[in-house]
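The exercises below are to be worked with the sequence and the 3D model open. Each task is followed by a solution in steps.

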Amino acid sequence: QDMVALGFITVGLTLLCHGASAYGDDVGQAFVGAQHWNESGWYGDSGFKSGYDGYFCLCTCHAVAEGVFCSGGGVQPDGHAVADFLGVFAQEDDGLWRGQLAAYSTAKPFADTFTMRVPGGPANYTGVSQALGAQSFVWRGYMSGVDCLYADKCQPKCGDHPDFAAWRQHCQAAFEM
């Protein structure tokens, strides 16, 4: 009985410790901004395609104990919207950051899984959409990491959202130095 109680205490303390470490606002803000993506994939109705690119825009992020929750969207190089995004990211025990993204407001909804070393840094991702029958797809790609060079690409998507506006001001100040 004592061993069982000790086991419950150990599990409880482990959960408490993991849940008690909140991510700071600076971590949440590190995800906000514009990134460039490049991917290749297999599409059920049209086969293998390589070299698809665009811009990943996170307009706002909120950091709490459970993770960093973000919203934004994707934009093609010609400015057309790909989808709206909801994402969540967290640092795992191995030190890497991992995240899940759900794309909506699109005819072809999908989900991506991300891995990166630092918040807002370069990332690898894998995407799937299996609910589309013959139009289902899988892909693999990489993100540049948040980069001020792509700020104008995400401005139409993020507009004057306060988090994105603060990031743009940081970019403008950096270019003026």
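**Exercise 1. Order of elements**

In what order do the elements of the protein chain run from the N terminus on?

Solution. The model is a predicted one. Start with the inventory: the chain has 4 helices and 8 strands. Then read along the chain, which gives α-α-β-β-β-β-β-β-β-β-α-α. For the chain as a whole, 37% of the 177 residues count as buried. Its exposed area is about 10,000 Å², and carbon and sulfur atoms supply 60% of that area. Among contacts between residues at least 6 apart in sequence, 44% join residues at least 24 apart.

**Exercise 2. Arrangement of the strands**

Determine what the strands form and how β8 is paired on each of the listed edges.

Solution. Step one: the 8 strands make a closed barrel in the order β1-β2-β3-β4-β5-β6-β7-β8, with antiparallel pairing. From one strand to the next the twist averages 25°.

Step two: follow β7 (residues 123-129) into β8 (residues 137-143); the two run antiparallel and are joined by 7 bridges. Within this pairing, S129 has F137 as its bridge partner, and T126 stands opposite R140.

Step three: turn to β1, which pairs with β8 in the antiparallel sense over 7 bridges. Here E39 has G141 of β8 as its bridge partner.

**Exercise 3. The two faces of β8**

Which side chains of β8 are buried, and which are not?

Solution. List the side chains by the face to which they point. F137, W139, G141 and M143 point to one face and are buried. V138, R140 and Y142 point to the other face and are not buried. Take V138 as a check: its relative accessibility is 44%, so V138 counts as partly exposed. V138 also belongs to a nonpolar surface patch with W42, F48 and V128. Together these residues have about 410 Å² of accessible area.

**Exercise 4. Helices on the sheet**

Which strands does helix α3 lie across, and at what angle does it run to β2?

Solution. Helix α3 (residues 151-158) lies across β1 (33-43), β2 (47-64), β3 (67-75) and β4 (81-91). Its angle to β2 is about 65°. Helix α4 (residues 162-176) also packs on the sheet, where it touches β1 and β2. The direction of α4 makes about 100° with that of β2.

**Exercise 5. Salt bridges**

How many salt bridges does the structure hold? Find the residues in each and state how accessible they are.

Solution. There are 3 salt bridges. Side chains of opposite charge can pair when their charged atoms come close.

- K157 and D84 meet at 2.2 Å, N to O. K157 is in helix α3 and D84 in strand β4, so this pair ties together parts 73 residues apart in sequence. K157 counts as partly exposed because its relative accessibility is 28%. D84, at 19%, counts as buried, the cut-off for that class being under 20%.
- D152 and R168 meet at 3.1 Å, N to O. D152 lies in helix α3 and R168 in helix α4, so the pair ties together parts 16 residues apart in sequence. D152 is exposed at 58% relative accessibility, whereas R168 is buried at 17%.
- R98 and D94 meet at 2.9 Å, N to O. R98 is partly exposed, with a relative accessible area of 29%, and D94 is partly exposed at 48%.

**Exercise 6. Surroundings of G54**

Is G54 buried or exposed, and which residues does G54 touch?

Solution. G54 lies in strand β2. Its relative accessible area is 0%, so G54 is buried. Leaving out residues up to four places away in sequence, G54 touches Q35, H36, W37, V75, Q76 and P77. The C-alpha atoms of G54 and H80 are 9.7 Å apart, and the two residues are 26 apart along the chain.

**Exercise 7. A positive phi**

Where is S105 found, and what is its phi?

Solution. Locate S105 in the loop between β5 (97-104) and β6 (110-116). Its phi is near 60°, a positive value in a residue other than glycine. For comparison, most residues other than glycine have a negative phi. S105 counts as exposed because its relative accessibility is 55%.

Notes. Residues are numbered from 1 along each chain as its sequence is written. This is a predicted model: local features need pLDDT of at least 70, side-chain atom pairs count only at pLDDT 80 or more; totals for chains, interfaces and linings use all residues. Side-chain values use heavy atoms; hydrogens and water are left out. Two strands pair if DSSP finds at least two bridges between them. Axes are lines fitted to C-alpha atoms, for helices over the stretch in contact, and angles run from 0 to 180 degrees between N-to-C directions. Contact means heavy atoms within 4.5 Å. Patches are made of residues with over 30% relative accessible area and no salt bridge: like charges are joined within 9 Å, nonpolar side chains (Val, Leu, Ile, Met, Phe, Trp, Tyr) within 5 Å. Accessible areas come from the Shrake-Rupley method with a 1.4 Å probe; for residues, only the protein chains shown count as cover. A salt bridge is a side-chain nitrogen of Lys or Arg within 4 Å of a carboxyl oxygen of Asp or Glu. Buried means under 20% relative accessible area, exposed over 50%, partly exposed in between (1.4 Å probe, protein chains only).
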